[in-house]
Amino acid sequence: MSYFDYNATAPIRPEVFAVVVEAMQSVGNASSMHQPGRQAAHRVDVARRQLADLLGCSPGEIIFTSGATEANNLALRAAFTAGKPLVTSPVEHPAVLETARAVTAERHEDLVLLPVGADGLVDLDALNQVFPARRGGVVSLMAANNETGVLTDLRVVAKAAREAGAIVHTDATQIIGRLPVDVAELDVDLLSLSAHKFGGPQGVGALYVRRGSPLPHRPLLVGGGQERGWRAGTLNVAGVIGMGAAADVARHDLGEEAERIAALRDRLEGLVTDALPGCRVNGRRDQRLPGVTSITFPGVPADALLAAMPDVAASEGSACASGAPTPSHVLLAMGLSREDADSTIRFSLGYATTNAEIEHAAHAVKRAATHVRAALAEAHGPR
């Protein structure tokens with residue numbers, strides 16, 4: 001099996017696996033005052049520092065959550081004020097789009113979706129058309145798209161938002177641990193992430209909340225007041241420790257790993273497009289994550305193509321929409337037809353991807369596409 005679905009979840013890093021197993025063998029609630037509790041709290045503090053070092057922020061600006069979906073919900077529900085604009089885009093992850101729709105359900109006019117080009121880039125010039133008439137509110141745009149890998153220039157977003165007195169949130173789930181991120185340079189107020197995207201365990205994530213941001217506490221979960229009142233509930237100590245370990249490994253390997261993965265992605269694209277003329281890569285190719293490629297195979301349904309290569313783990317799009325009856329909302333927003341969107345596969349690479357896997361996947365894709373096209377031609381041929 002060649003694994004090309006890092007955007008859905010990355011394999012847990014060996015170093016992280018060992019740390020998580022060891023942490024699960026220990027006992028202690030990080031809120032307890034006895035020795036096991038204090039030891040757990042200390043290890044949580046270490047992990048908070050490790051994640052803060054990866055983001056370039058203070059440990060006190062990090063709120064631990066169950067993942068990016070919870071962090072996105074928490075961020076938008078805290079930042080949105082009825083009567084003020086909530087600006088986002090039609091290519092956001094459902095964790096942002098559906099939350100945005102939910103909080104503006106009683107005032108649909110508060111939700112503003114910026115246009116997206118055929119290259120997958122959000123039209124940031126459109127921000128200037130939103131704010132002269134309406135000040136304040138919140139802008140939420142993802143740092144990197146989960147289906148195409150296309151990057152958003154958050155510095156431009158932050159500049160426009162600041163001038164209008166708006167709060168800035170970014171869903172940074174796909175970029176953390178893959179490219180350098182410094183929250184101070186990006187000038188964002190809120191940033192969401194999930195550990196399992198960069199080699200940590202599933203079921204744990206975080207929300208960065210910039211110190212001094214004018215945000216009310218609107219917790220999704222109330223109870224014991226953990227995480228400074230932002231998120232009640234006993235901390236997932238083993239998960240948090242694993243996320244910290246993954247952040248530490250990713251921070252030290254970031255530059256070299258990104259360069260290696262980008263070269264592997266480019267080789268995969270070259271092999272596939274050379275072998276199958278007519279297929280095309282979606283999105284802005286010079287402004288994207290190093291390990292993501294979205295390839296359309298015209299006339300070849302993605303589900304049939306994936307079924308014909310069971311030894312390659314790739315995705316039709318977002319894993320969160322797996323099995324959905326409609327094609328990718330991201331690709332449709334970029335102008336692809338429904339048929340082409342249904343004929344698109346996302347390959348996402350990561351820290352453990354090898355050149356041998358690239359060669360294997362390219363051969364498997366060619367073989368599978370040829371097989372599916374032949375089967376379709378036979379099925380639609382004369383009887």
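Good morning. The structure holds 24 salt bridges, and I shall take several of them in turn before moving to the sheet. Please bear in mind that this is a predicted model.

I begin with E257 and R13, which form a salt bridge whose closest N and O atoms lie 3.3 Å apart. This pair links distant parts of the chain: E257 belongs to helix α8, residues 237–275, while R13 sits in the loop between β1 and α1, 244 residues apart. Are these two residues buried or exposed? R13 has a relative accessible area of 4% and is therefore buried. E257, at 14% relative accessibility, counts as buried too, because the cut-off for that term is under 20%.

The loop that carries R13 also holds I12. I12 is partly exposed, with a relative accessible area of 32%. Together with F17 and V21, I12 forms a nonpolar patch on the surface, with about 240 Å² of accessible area in total.

A second salt bridge joins the side chains of E70 and R231, at 2.7 Å from N to O. Here, too, distant parts of the chain are linked: E70 lies in helix α3 and R231 in the loop between β8 and α8, 161 residues apart. Both E70 and R231 are buried.

Helix α8 appears again in the third pair, R267 and E359, whose side chains meet in a salt bridge at 2.6 Å, N to O. R267 is in α8 and E359 in helix α12, residues 355–380, so that this pair spans 92 residues. R267 is partly exposed, with a relative accessible area of 39%, and E359 is likewise partly exposed, at 23%. Elsewhere, R162, D187, D189 and R210 are joined into one network by salt bridges that share partners.

I turn now to the sheet. Seven strands form an open sheet in the order β2-β8-β7-β6-β5-β3-β4, with mixed pairing. Which strands stand at the edges? They are β2, residues 62–65, and β4, residues 111–113; each has a single partner strand, so one side of each lacks a neighbour in the sheet. The twist averages 20° from one strand to the next.

The partner of β2 is β8, residues 205–209; the two run antiparallel and are joined by four bridges. Within this pairing, F64 stands opposite A206 of β8. Helix α6, residues 154–163, packs on the sheet and touches β5 and β6, its direction making about 155° with that of β6. Returning to β2, I62 and F64 point one way and I63 and T65 the other, and all are buried.

Finally, helix α4, residues 94–103, has buried residues that include A95, V96 and L97. Their cover includes α3, β3, β4, β5, β6 and α10. Thank you.

Terms used
Residues numbered from 1 in each chain as written. Predicted model: local features only at pLDDT ≥ 70, side-chain atom pairs only at ≥ 80, totals over all residues. Heavy atoms only, no water. Patch = residues over 30% accessible without salt bridge, like charges linked within 9 Å, V, L, I, M, F, W, Y side chains within 5 Å. Areas by Shrake-Rupley, 256 points an atom, 1.4 Å probe, with all protein chains shown as cover. Salt bridge = Lys/Arg side-chain N within 4 Å of Asp/Glu carboxyl O. Buried < 20%, exposed > 50% of the residue type's maximum accessible area, 1.4 Å probe, protein only. Pairing = 2+ DSSP bridges. Axes fitted to C-alpha atoms, helices over the stretch in contact; angles between N-to-C directions. Contact = heavy atoms within 4.5 Å.
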